[in-house]
Amino acid sequence: MSTRPMISRSDRPSASRRAQLAPRSIAAGRGAARVAPISVPVTPAPPFRLASRQFHPESTVVRAGGVSIGGSAGLVVIAGPCSIESRRQILESARRVKAAGANMLRGGAYKPRTSPYDFQGLGAKALGWLVEAREETGLPIVTEVLSQENVELVAEHVDLIQVGARNMQNTALLRKLARTKKPVLLKRGPSATIAEWLLAAEYLLAGGNPNVVLCERGIRTFETATRNTLDLAGVALVKQLSHLPVIVDPSHATGLSALVPAASRAAVAVGADGLLIEVHPRPAEAWSDGAQSLDPAVFAALLEDLRAWSPRLNGHA
Ligand code: PEP
Ligand code: MN
């Protein structure tokens, strides 16, 4: 069937009238009434070549301490306290998050605090307790490395090394971490664009480390009611732009424990490959980030809820 408009010969405007009606570009030249070809801008190659899905269509699966993150692997849940406060606190946290179904244990030994007067972490001693918690529970461990001087120590002991939001563009640190080839969890800087975030990942990839997991943890906007603004569309976009796994940290993104369950469900709905959730045995007593930390019972209920409607959680649980 013809899709041409039904215009009888007599209704048809004359050639000169057609030229007048047509936009300038169409009217110019022969065959004036023909539709001009639409010029499609050629998509420029993204500057983040190695992180781009354009050159690597299959989703990357990063293996950290025996846990697969990304691709068709199940949803990975990393949980634990913001800071490691004592041997007892991290061991208790490990047992509780493991019982609830977490796949990995987090805990900060070196803390990047906004104020130099706030608790800065217990350092190497805390790292030792984190290793002990892995030995007892079998959960692979995640901790942040703050500076180049601790890279060897942290890389030797942990399964997934976190680069915090404040360090996303610390290129010397990224280059050094690239050389370790250890899995890296690269948090998005609070004011970083998606391109800047992917270019930070590019430092790790170009430096020879393919084991990169991205983490959206909220960005700074005009809104102050929540600690940050969770960029959910950004997560969906990065999943399209890049083959790297993307997880979401609803704790730092919201700053409020009451919002963590809803933000977690939203993250799963937009296709996140995992969640990083702060859980403390007694949030009211936490030395850092207590307001956004979940009580272990609430965390267990959240995973139960997620399990009920996301078959991906069962992949690991
Ligand atoms: C943290 O995970 O405790 C942390 C400090 O996170 P961020 O770097 O996202 O602020
Ligand atoms: Mn924290």
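Which residue in β10 stands opposite V248? Keep that in mind while you get set up: what you have open is a predicted model.

**Stop 1: the barrel.** Start by selecting β3 through β10 and switching to cartoon. These 8 strands close into a barrel, running in the order β3-β4-β5-β6-β7-β8-β9-β10, and the pairing is parallel. If you look from one strand to its neighbour, the average turn between them is 25°, ignoring direction.

**Stop 2: one strand pair.** Now narrow the selection to residues 246–248, which are β9, and residues 274–278, which are β10. The two strands pair in the parallel sense, over 2 bridges. Show V248 as sticks and look across to β10: the residue opposite is L275, and that settles the opening question.

**Stop 3: the ligand.** Next, pick ligand 1 and bring up its surroundings. You should get C82, G108, P112, G164, A165, R166, K187, R217 and H252. Colour them by class and the shell splits evenly, with 3 nonpolar, 3 polar and 3 charged residues.

**Stop 4: α3 against α4.** Hide the ligand and select α4, residues 124–137, along with α3. Their axes come within 9 Å and cross at roughly 35°, and the crossing is right-handed. On the α3 side, show R87, I90, L91, A94, R95 and K98; their partners in α4 are W129, L130, E132, A133, E136 and T137. This contact counts 6 nonpolar residues, 1 polar and 5 charged.

**Stop 5: α3 against α11.** Keep α3 (residues 87–100) on screen and swap α4 for α11, residues 296–309. How far apart are the axes of α3 and α11? They lie 9 Å apart, and the helices pack at an angle of about 20°. Angles under 35 degrees count as roughly parallel, so α3 and α11 get that label. Here, too, the crossing is right-handed.

For the side chains, show R96, V97 and A100 from α3, then P296, F299, A300 and L303 from α11, which they meet. Colour by class again: this contact has 6 nonpolar residues, no polar ones and 1 charged.

Methods:
Residues are numbered from 1 along each chain as its sequence is written. Chains are lettered from A and ligands numbered from 1 in the order in which they are written. This is a predicted model: local features need pLDDT of at least 70, side-chain atom pairs count only at pLDDT 80 or more; totals for chains, interfaces and linings use all residues. Axes are lines fitted to C-alpha atoms, for helices over the stretch in contact, and angles run from 0 to 180 degrees between N-to-C directions. Helices (H or I, at least four residues) and strands (E, at least two) are DSSP runs, numbered from the N terminus. Angles under 35 degrees count as roughly parallel, over 145 as roughly antiparallel, 65 to 115 as roughly perpendicular and the rest as oblique. A crossing is left-handed if the near helix is turned anticlockwise from the far one by less than a right angle, and right-handed if clockwise. Two residues are in contact if their C-beta atoms, placed from the backbone, lie within 7 Å. Ala, Val, Leu, Ile, Met, Phe, Trp, Tyr, Cys and Pro count as nonpolar, Asp, Glu, Lys and Arg as charged, and the others, Gly among them, as polar. A residue is near a molecule or strand if its C-beta atom, placed from the backbone, lies within 6 Å of it. Two strands pair if DSSP finds at least two bridges between them.
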